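Work through the exercises below with the sequence and the coordinates at hand. Each task is followed by a solution in steps.

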Amino acid sequence: MAGHAARVGRDIDRWVERGLIDEATAGALRRDVERSDRSAISLGRVLSVMAAVLVAAAILIIVAANIEQVPRIARVAGLFAIIAASYIGGAVFKLRDRAGFAEALYLVGLAAFGASIALIGQMYHMSGDESEAIFIWCAAGIIAALLLRSPILTNASVLLSTAWLLTAFDLDHINQGPSFVFLLMLAAIWIVSYWTKSSAARHLVILAAMFYALLYGISDSAVLVGIVLIVLSAAVFLAAWFAPDAVERFAQLGGPQPVHPLIGFLLGIGLLQAQFADDFWPMLCLSLIAFAGIVAALVLRGRQSRLMRWVAYLAFTLELAVLYFSTIGTMVETGALFLFSGFALAIAAFAISRIERSIAARDADGRQA
């Protein structure tokens, strides 16, 4: 956000130099941008959440240490007291319009609840495994987020659901078992995120769903999952391009986000390339499709999203690295693939440059008229 304020400040200076606005207007704009910048980032809120994470980690580690010198009943009572104090204290802070401290206390309460599950299971040797405990922990997090209308608990629920996926299934054979429950959990969290107004949770849900698709593709049907990812990502990207307002009304991600479809598209390409790594022509076609997708994302959305540009640059670099180290067929064929790709990108760059110059000339004529 600070970078955004700096860019707007430079734009204001440029507008003043060109005589587009006077000094009084420029001063008012600078003050408004500074106020907006300060309100967007609350260092106190960030630090309180970081403190809550440290306290939560301390609770979990102390419980895992299983200190025998402390009576069992005292340990259980202590955790229950922390849970009650965290949630009641958080509610009090929220009523006093101190949302940052309230969310931090909620997070401590959720951590204490997870520690309680582990402690009780440890003390009474209850049957069940780690994944079942995390599943209950995640369900409690979703319910708490719903009841307390807490964004941070919604975000934590996404992380807990992912932890459950990682502990409940063999990642090399994730298709064996009811792993689809993970998608149901994500769907529930997505719905709750509207109530808690957590756009961050929706971002995390999308990334978690892509992670699941990647694991499923590695386990089984890599080609099918790869194609579905590519088609679905392209469809979402085009929908966000042609109907940004409608997409934003549904997703509420803080603006049409092209980054997620690009990541999904590249994951799909990666799954397919892993299947055809030793075949020259399929790899050539997939590489050209990957480069075309990256260029299209840059051209259509690169100007509006710095994050999208960085993801595209990183993806381009990784694609080159994969092609270089995989050596498709022979070194000559790999070189030919680079040559084809280079010429294709050069032609695309030339065409885009001509289009940009034409648009700039048309805009200049319009201003002169």
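The exercises concern a predicted model.

**Exercise 1.** Determine which side chains meet in a salt bridge, and classify each partner as buried, partly exposed or exposed.

Solution.
- Step 1. The structure holds 1 salt bridge.
- Step 2. Its partners are the side chains of Lys94 and Glu103, with an N to O distance of 2.8 Å, and the cut-off for such a pair is 4 Å.
- Step 3. The relative accessible area of Lys94 is 29%. Buried means under 20% and exposed means over 50%, so Lys94 is partly exposed.
- Step 4. Glu103 has a relative accessible area of 9% and is therefore buried.

**Exercise 2.** Check the length of helix H8 (residues 181–196) against the expected span, then list its buried residues and what covers them.

Solution.
- Step 1. H8 has 16 residues, and at 1.5 Å a residue these should span 22 Å.
- Step 2. The end C-alpha atoms of H8 are 22 Å apart, which agrees.
- Step 3. The buried residues of H8 are Phe182, Met185, Leu186, Ile189, Trp190, Val192, Ser193 and Thr196.
- Step 4. Their cover includes helix H6 (130–148), helix H7 (151–168), helix H9 (199–219) and helix H11 (244–251).
- Step 5. After H8 comes Lys197, which has a positive phi near 55°.

**Exercise 3.** Find the contacts of Ser161, leaving aside neighbours within four places in sequence, and state whether this residue is buried or exposed.

Solution.
- Step 1. Ser161 lies in helix H7.
- Step 2. With a relative accessible area of 0%, Ser161 is buried.
- Step 3. Beyond its sequence neighbours, Ser161 is in contact with Cys138, Phe182, Met185, Leu186 and Ile189.
- Step 4. Phe182, Met185, Leu186 and Ile189 are among the buried residues of H8.

**Exercise 4.** Describe the largest nonpolar core and name the helix that gives the most to it.

Solution.
- Step 1. The largest nonpolar core has 41 residues. Leu79, Leu153, Val158, Trp164, Leu165 and Phe182 have the most contacts inside it.
- Step 2. At least two residues of this core come from each of helix H3 (43–65), helix H4 (72–95), helix H5 (99–124), H6, H7, H8 and H9.
- Step 3. H5 gives the most, with 9 residues.
- Step 4. Leaving aside neighbours within four places in sequence, Leu165 is in contact with Leu171, Ile174, Ser179, Phe182, Phe211, Tyr212 and Leu215.
- Step 5. A second, separate core has 16 residues, including Val259, Ile269, Ala290 and Val311.

**Exercise 5.** Decide how far helix H12 (residues 259–275) is enclosed, and check its span.

Solution.
- Step 1. The 17 residues of H12 should span 24 Å at 1.5 Å a residue. The end C-alpha atoms are 25 Å apart, which agrees.
- Step 2. Of these 17 residues 12 are buried, so H12 is largely enclosed by the rest of the structure.
- Step 3. Among the buried residues of H12 are Val259 and Ile269, both named in the second core.

**Exercise 6.** Classify Val33 and Val228 by relative accessibility.

Solution.
- Step 1. Val33 is in helix H2 (residues 23–40). Its relative accessibility is 18%, so Val33 counts as buried.
- Step 2. Val33 is separated from Val8 by 25 residues in sequence and by 7.7 Å in space, C-alpha to C-alpha.
- Step 3. Val228 lies in helix H10 (residues 222–242). At 47% relative accessibility, Val228 counts as partly exposed.
- Step 4. Leu224, Val228, Leu232 and Val236 make a nonpolar surface patch of about 360 Å².

Definitions and conventions: Residues numbered from 1 in each chain as written. Predicted model: local features only at pLDDT ≥ 70, side-chain atom pairs only at ≥ 80, totals over all residues. Heavy atoms only, no water. Buried < 20%, exposed > 50% of the residue type's maximum accessible area, 1.4 Å probe, protein only. Patch = residues over 30% accessible without salt bridge, like charges linked within 9 Å, V, L, I, M, F, W, Y side chains within 5 Å. Areas by Shrake-Rupley, 256 points an atom, 1.4 Å probe, with all protein chains shown as cover. Helix = DSSP H or I, 4+ residues; strand = E, 2+ residues; numbered from the N terminus. Expected span 1.5 Å × (residues − 1). Contact = heavy atoms within 4.5 Å. Core = buried A, V, L, I, M, F, W, Y, C linked by side-chain atoms within 4.5 Å.
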